[in-house]
Amino acid sequence: MVTLFLDSTRLEVVLSGAERLMAFYKGNVAIERSTIVKVQLIDDAWMWLRGVPSPGTHLRGVVAMGTWHSTAADDFVVVRRHRPGVVIDLEGHPEFQRVILTTRHGLELVQSLRVDAGDERTEVTVIAAETGTIPTVVEKKPRARQPKAPIADSEA
């Protein structure tokens, strides 16, 4: 899974070695904050893909990584399975018009972009936790199971 780092000037999408290999992309994706127009939380990233991988890896329903070229523009994609993620719309970025990622940290990204991240590069989950904007989820305790009643043998 990608790791998202943020500072006062840019968002950095840090790719693992395997992700770089499948995306045919040598480094991390750096996005200036000034180029981010909109960030949308999505339920299924596959619905947002447009065009064809060029270069990239595509196994339908399993993985889509790399640069996706369409008639409109180029998108950078890191999508695994049918999981929730984010679509980051960009304006004025030198390479991409959109970045589409599957991530569990979409809400933290949105919340972190709303605050001043400071000059140090920090992971978005840490920024969101420090600002207290992550909603706390009440953990449900599993119900205790009722012991099964013994089965009575009927005598005839």
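In which strand is Asp 74 found? Asp 74 belongs to strand E7, which covers residues 74–80. The structure is a predicted model. Its chain has 156 residues, of which 42% count as buried, and contains three helices and ten strands. This briefing turns from the chain as a whole to its six-stranded sheet, and then to the surroundings of Asp 74.

**The chain as a whole**

- Read from the N terminus, the elements follow the order β-β-α-β-β-β-β-β-β-β-α-β-α.
- When contacts between residues at least 6 apart in sequence are considered, 49% of them join residues at least 24 apart.
- The exposed area of the chain is about 10000 Å², and carbon and sulfur atoms supply 52% of that area.

**The six-stranded sheet**

- Six strands form an open sheet in the order E4-E8-E9-E7-E6-E5, and their pairing is mixed.
- Strands E4 (36–42) and E5 (52–59) stand at the edges; each has a single partner strand, so one side of each lacks a neighbour in the sheet.
- On average, and with direction ignored, neighbouring strands of this sheet are turned by 10° against each other.
- Strand E8 (residues 85–90) pairs with strand E9 (residues 98–102) in the antiparallel sense, over five bridges.
- Within strands E8 and E9, Gly 85 stands opposite Thr 102.
- Helix H2, formed by residues 106–113, packs on the sheet and touches E4 and E8. The direction of helix H2 makes about 150° with that of strand E4.

**Asp 74 and its surroundings**

- Is Asp 74 buried or exposed? Asp 74 is partly exposed, because its relative accessible area of 24% lies between the 20% limit for buried residues and the 50% limit for exposed ones.
- Leaving aside residues up to four places away in sequence, Asp 74 touches Thr 67, Trp 68, His 69, Glu 95, Phe 96, Gln 97 and Arg 98.
- Which side chain does a polar contact of 2.5 Å join to that of Asp 74? The partner in this polar contact is the side chain of His 69.
- Asp 74 and Gly 51 are 23 residues apart along the chain, and a distance of 8.4 Å separates their C-alpha atoms.
- Strand E7, where Asp 74 is found, stands between E9 and E6 in the order of the sheet.

Key:
Residues numbered from 1 in each chain as written. Predicted model: local features only at pLDDT ≥ 70, side-chain atom pairs only at ≥ 80, totals over all residues. Heavy atoms only, no water. Pairing = 2+ DSSP bridges. Helix = DSSP H or I, 4+ residues; strand = E, 2+ residues; numbered from the N terminus. Axes fitted to C-alpha atoms, helices over the stretch in contact; angles between N-to-C directions. Contact = heavy atoms within 4.5 Å. Buried < 20%, exposed > 50% of the residue type's maximum accessible area, 1.4 Å probe, protein only. Polar contact = N/O pair within 3.5 Å; in protein donor to acceptor, adjacent residues only side chain to side chain. Areas by Shrake-Rupley, 256 points an atom, 1.4 Å probe, with all protein chains shown as cover.
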